Amino acid sequence: MARTARHAAPGAITKVASAGRQAVPRPRVVMAVLGLFALVCVMLLDGYLHSEIGNDSRVHESGSSDRVPASVLEGGPVLTFDDVGEPVSHTLPPRTIALTFDDGPDPRWTAKVLAVLREHDVPGTFFVVGQMAARYPGLIRDIVDSGGEIGVHTFSHVDLAYQSRARIDRELAQTQLALAGAAGITTSLFRAPYSSEPDAVDDTMWPVYRYLGTKGYISAFVDTDSEDWRRPGVAHIVRDAAPGHGKGASVLFHDAGGDRSQTVEALGTYIDTMKAKGYTFTTLTASLGATTANHRASGAELWQGRALIGVVTLAEFTMPVLFWLLVVVGVAVLARFALMLVLARRHARIRGRRRFSWGPAVTEPVSVIVPAYNEKECIAGTVGSLAASTHPVEIIVVDDGSTDGTAGIVEAMRLPRVRVVRQENAGKAAALNRGLEHARHALVVMMDGDTVFEPGTVHRLVQPFADPRVGAVAGNAKVGNRATVIGAWQHIEYVMGFNLDRRMYDLLDCMPTVPGAVGGFRRAALVDAGGMSGDTLAEDTDVTIALHRAGWRVVYAEHARAWTEAPGTIGQLWRQRYRWSYGTMQALWKHRRSLVDRGPSGRFGRVGMPLVVLFQIVTPLFAPLIDLLTVYGAVFVDPARSLLAWAALMSVQLLCAAYAFRLDRERYRHLLMLPLQQIVYRQLMYLVLIHSCVTAMTGGRLRWQKLERTGEVGSPQASAGAAR
């Protein structure tokens, strides 16, 4: 139950801010949204760099060349346009070879090609793909430093015959930016992907070359193709690359696009062979007696290029990290499911044995404390359910400064064993402590003012106190208003995410939370723990950890059911879970010393606390990667595989949920909402957790917030019947 506390509790922790002051959520929400947006942008950029996004794998087949000038078809491997737009074809001088390399740079093969060229003191002309240049800027610098020349081979290696002028401009401009950022240069040299000799230019590509000419580009073709991409063997590569009859030639090799070991091996032999025949080697533009086609970049283009390289470097670093995080998160999620299933089954088998007993039946009277703040819609049902208890109880309703007549409603009921204690609004923890002051019995049950008990709940809840080591008992909180979609989602979460977890924690003897909706306490244990603390927003988690540290056992009574009214709107749900997750972080930080304690405190610190951090904070915090990368893979990579992996994970979750429903004797029909819950509800919980983490990291302070109730959760019998 949420309320506004007027005064911050003394001794509030400082590292993670304590309750009492209002958070300013909007900047933190903006930060979280911007962070998510940046992550999506990085993923999209990485996909674009690896041709997973925007890729066009179509390659046109050569057709008619009726509109291509004969001078081009019969000309040399270099094409320019004069001042009036007429094509000019250029051939290389006799016994002159320009070694050209396409599709790089490649982190493995380009460096080896450069090493061979340096060894033989031969320059090369490299037609680079912009994606690769942006990913491996150091290799671009190495090419320039070695005296090589660089040309554009488009950004994503698309066939320009199918592309619009806007796409062509983008392919060119992005590659130029990559070159500017990598080596501080731009180039006017261009070779189209899938091009070969000039006589292969057809009517489809001719307009593209003319357009490139208007932009000042020099188009390069080949005279001789080594066909090294076929990997025919070193001897074949050397033979195919040799020009005939002493002619000059632009010779095509590849330094990327696959295994280029044969290319590297053949290159040295080829250079020695051709030198022995009297050939000289130069760059493509130098062979024509022209200055280099590479120019110094400056101004905005240079800085934009550097920014591009910086962003690409970030993406290249981030995506492998995200991949391994995905692996870790996936393993953690599956490990959690496996651990829950195994331990929950063992827990159920132990508790289901006929000989299992906590000890002699506990029949002594119990004090039930109900803190209430503006609970006029629910309080009558809450108190009425307690009055019907089969166990002897005294009922203490602590009115925490209500302004809606909550106390008057209780008094008007005139029920025996019911007392109303009024106090000024001071918060839930203070109300519970005030109730403890008025409690007459050694065993105390605490519940919320929007919750109803079944007649046997109190009796079942206090039976574990037959064991003198037990200081607190967690009950089984159930969602009463599960008829709506959002209620059904929370119902699944309560049964699977909370109560199945509690079976696991119970068996490991490290229960992290006795729920505020239904919890039993030994009064002496609460005294040892220092009572209910207002240091955090999760007073139930706070006191539970404190009990562990004081040496008391905390156990789970799965048959002690309580029916609570869950938030009915997304806004209320957000506020409740935001407070829960933030308060849990506060409580964990407050009790961080348990990590190095001995005894029961150390056991919780080294077993329970890591499990809570891993399963309730870290794993959910990074779990959006599963959905994000699933969507990414389904849209841009491999839809079948991506959706199959997601469906497999969903099946595991469904299995766990079905088993949890079986243990709680719930009907399976609500599991029909599980897929939609995973798609919508889970994303909301991710955002809540991210919001809470941002608040914690920035030192924000969060106040108690009162949720609006409808009182639709009626008597235990009606609730149980309707829910089933």
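Is Asp102 buried or exposed? In this predicted model, Asp102 counts as buried, because its relative accessibility comes to just 5%. Its partner is tucked away too: Arg191 is buried, with a relative accessible area of 1%. The two form a salt bridge, and their closest N and O atoms are 2.9 Å apart. Arg191 sits in the loop between strand 7 (189–190) and helix 7 (206–214), while Asp102 belongs to strand 3 (residues 96–104), so this pair ties together parts that are 89 residues apart in sequence.

That is one of 32 salt bridges in the structure. Another brings together the side chains of Arg440 and Glu394, at 3.9 Å from N to O. This pair also links distant parts of the chain, with Arg440 in the loop between helix 14 (428–438) and strand 16 (443–446) and Glu394 in strand 14 (residues 393–400), 46 residues apart. Here the two ends differ in setting: Arg440 counts as exposed at 61% relative accessibility, whereas Glu394 is buried at 6%.

Things are more local for Arg434 and Glu437, whose side chains meet at 4.0 Å, N to O. They are three residues apart in helix 14, so about one helical turn separates them. Arg434 is partly exposed, at 27%, and Glu437 is exposed, at 58%.

Cysteines tell another story, as the structure holds zero disulfides. For Cys510, the nearest cysteine sulfur is that of Cys656, 18 Å away. Cys510 counts as buried, with 0% relative accessibility.

Out on the surface, Phe323, Trp324, Val327 and Val331 make a nonpolar patch of about 420 Å². Phe323 lies in helix 11 (residues 299–352) and is partly exposed, at 46% relative accessibility.

Definitions and conventions. Residues are numbered from 1 along each chain as its sequence is written. This is a predicted model: local features need pLDDT of at least 70, side-chain atom pairs count only at pLDDT 80 or more; totals for chains, interfaces and linings use all residues. Side-chain values use heavy atoms; hydrogens and water are left out. Patches are made of residues with over 30% relative accessible area and no salt bridge: like charges are joined within 9 Å, nonpolar side chains (Val, Leu, Ile, Met, Phe, Trp, Tyr) within 5 Å. Accessible areas come from the Shrake-Rupley method with a 1.4 Å probe; for residues, only the protein chains shown count as cover. Helices (H or I, at least four residues) and strands (E, at least two) are DSSP runs, numbered from the N terminus. Buried means under 20% relative accessible area, exposed over 50%, partly exposed in between (1.4 Å probe, protein chains only). A disulfide is a pair of cysteine sulfur atoms within 2.5 Å.
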